Amino acid sequence: MSEAAAPRLSRRRLFEIVGSSVGGAAAYRVMTSLGYAEESPYRGPIKLDGDPKGASVVILGAGLAGMTAAIELERAGYAVNVLEYNRRAGGRNWTIRGGDVFTELGGATQTCAFDPGLYLNPGPWRIPYHHYAILDYCRRFGVALEPFIQLNHNAYLHSTNAFGGKPKRIRDIKADYDGGVVELLAKATKKGALDEAISKEDQEILLEALRSLGALDHHFRYRAGAASAAHRGYAKDPGGGLGAEPVDGEPIALNDILQSRLWRSLRNFLSYDFQTTMFQPVGGMGRIGEAFARQIPDRIRYGAKVVAIRQNDSGVVIAFEDVGAGGTLREVKADWCVCAIPLSILSQIPIDVSPRMKAAIDAVPYASAVKFGLQFSRRFWEEDERIFGGISYTDLPIRQISYPSANLNGGGKGVLLGGYTFDGPNSYEFTAMAPAERVRRAVEFGAEIHPQYRAEFENGISVAWSRVPFTLGCAGDWSDEARKAHYDDLCQIDGRIVLAGEHASYIPAWQEGAILSALDAIQRLHKRVVAS
Amino acid sequence: MRRVALCAIALIATAAAGAPVGAEDAPATNRAMSRGWEFSEQGGASLFRNVCAACHQPDAKGAVGAAAYPSLASDKKLVSTDFMLSVLLRGLNGMPPLGDMMSDAQVADVVTYVRTHFGNSYPGAVSPADVSAARRRATTAP
């Protein structure tokens, strides 16, 4: 997931408020009247006005980009055909459930042994509230959503090199880090260090603001007491009846927090991409791909491995191997082509496009990522540790443990996301292991944070994206230089071919990028078709 | 610079302690895993086994799906050290520039290892100085 800047938040939030009270259409009118609509990358359901006069489009790839194009073009009157390598729709929008079989490159096969109702989303797993397009499609296609819990103050931050390797509650680190830093700032203010920066009057306001922000006491100190306990919680929580008085906890010293580097993980809760509210589909991310596929019954041909993409003045010809028929070579002809094949695959397929577009196709490395789904005999994180959803971050190679956001406090078995690496050496090192070894290591690492792992682990599955046969990687990993040199060339309509997918967006590795890319591509394509 | 992923906090591997849990095909000792954003493996064999094999497979014969990871076994292209260094330092199509996460000595070791194993027997070891020079070319080329 790339780091996105966070401009315009306040205006977006205003529109959120309007949207929630009077509906999306009204929100859009408000946006338009205020002149901000051009800043929204998604403007509601696409309208492709004009008669395509029966033009045909072949769409390569039945992921969210390809299916978005297929659904909308068919509605606009095109004859559409989709070729998909897998035996299912969705692409990286994918949920693995009990009984599912997955064979990775190299031939290792895993059969998921999860109990009914439990799942792993090996690819996308959370949807930001500002990803308007995918949220709109979920509403239109009847995909039920529920909150995805990104921030849980009671989950952990963990470093093998800090606090004796013992995990710390996020609320303790957050409150004590804020309190410690704010106390320093208050001290500096009172010593006159800010006299040249702000007026005396504003310094008085600042001190009050700092007291509120950092839970400082009346002497502007961050100490054990009622003020700090109100942020960080208690050593003994308040109760009822006799002996119910709470006991304040002792804050962790600022220098210990600084040395621990645990503050690094706090940005996972600050960044625009991960701010609340986040969503997930009920029952797994794959519900979205399934819902898209239901919109275009009989339009997707599965088991089709594209091996050549040809075009001339009169149309496109796609050559593909019929995987289910022993690789028999077949062809599809159409007037136009929307190609939503990942660049890691497309760069190896002969394609008739300009040298500039071909250079762009070849210019994007694909990130390596690994995810683990681990089933446990009981939800010890809820029962023992009162962790309901959210994510613990660690400097162990597994990097994070995510707790299920659904079926909270219900008991029974559960599946944790037992690790999620994105780029970096550990992604390759995990990928290079056999699946059983990956899972075994993820359980060993996780047990350093949750010792219950050792007794409660039942079964697990791992997906290493560099060994996923239909992508050969996780997502387009644009460098700034490559984007500057090639991005516009990648997104052009080249004769009768246009590309779509997260790789053709500024939201790489997110489903929103795939959908917005497809909508933009077909709008431009449609204009050309209607004009011709 | 490649953007650093948000979830990219620094990594620290733990010591390989404790007996393997259950898995039948588990090796006797755990493989070490890297700290931070540079590979800690030393020597061509270890680097190949823990890095290259992720995609090119432990036998270096590659794999085929919707597209392919090329085989590096008995590979005539590997006669060119310039080609190999370019791939490792600049990437190729979907392959990231993995040499960015290795020292000059590591890149030299793994290139030499692949050129002398898996049915390849090209003479002439690649030196760290060769890698350093190639790195300069990789960063100054357009």
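The following dialogue concerns a predicted model of a complex.

Visitor: What confidence does the predictor give the complex?

Guide: The complex receives an ipTM of 0.89 and a pTM of 0.90 from the predictor.

Visitor: What makes chain A as compact as a globular protein of its length?

Guide: Chain A has 18 helices and 24 strands. Its radius of gyration is 26 Å, whereas the globule rule gives 24 Å for 532 residues. The two values are close, and chain A is therefore as compact as a globular protein of that length. Along the principal axes, its C-alpha atoms fill a box of roughly 80 × 55 × 45 Å.

Visitor: How many of the residues in chain A are buried?

Guide: A residue is called buried if 20 or more other C-beta atoms lie within 10 Å of its own. Of the 532 residues in chain A, 50% are buried. Among contacts in chain A with a separation of 6 or more, 69% join residues 24 or more positions apart.

Visitor: Why is strand 22 of chain A called largely enclosed?

Guide: Strand 22 covers residues 414–422, and 8 of these 9 residues are buried, so the strand is largely enclosed by the rest of the structure.

Visitor: How do you know that strand 19 and strand 22 of chain A pair?

Guide: Pairing requires at least two bridges between the strands. Strand 19 (residues 369–376) and strand 22 of chain A are joined by 8 bridges, so the definition is met. The two strands run antiparallel. One of the bridges links A:Q375 to A:V415 in strand 22.

Visitor: What shows that helix 1 of chain B departs from a straight helix?

Guide: A straight helix of 13 residues would span 18 Å, at 1.5 Å a residue. Helix 1 of chain B, residues 44–56, spans only 15 Å between its end C-alpha atoms. The helix also has a kink of about 35°, centred on B:N50. Just after helix 1, B:Q57 takes a positive phi of about 80°.

Visitor: Which elements cover the buried residues of this helix?

Guide: The buried residues of helix 1 include B:L47, B:F48, B:V51 and the kink-centre residue B:N50. Their cover includes helix 14 (425–432) of chain A, together with strand 2 (68–69) and helix 3 (104–115) of chain B.

Visitor: Where in chain B is the pLDDT below 50?

Guide: Chain B has a mean pLDDT of 84, and 78% of its residues reach 70 or more. Over residues 1–26, however, the pLDDT is below 50. This stretch has 70 contacts in the model beyond near neighbours in sequence. Where pLDDT is low, the predicted coordinates should not be read in detail.

Methods
Residues numbered from 1 in each chain as written. Chains lettered and ligands numbered in written order. Predicted model: local features only at pLDDT ≥ 70, side-chain atom pairs only at ≥ 80, totals over all residues. Helix = DSSP H or I, 4+ residues; strand = E, 2+ residues; numbered from the N terminus. Expected span 1.5 Å × (residues − 1). Bend = angle between axes of the 7 residues up to and from the residue. Buried ≥ 20, exposed ≤ 12 C-beta atoms within 10 Å, placed from the backbone. Contact = placed C-beta atoms within 7 Å. Rg over C-alpha atoms; globule rule 2.2 N^0.38 Å. pLDDT = per-residue confidence, 0-100.
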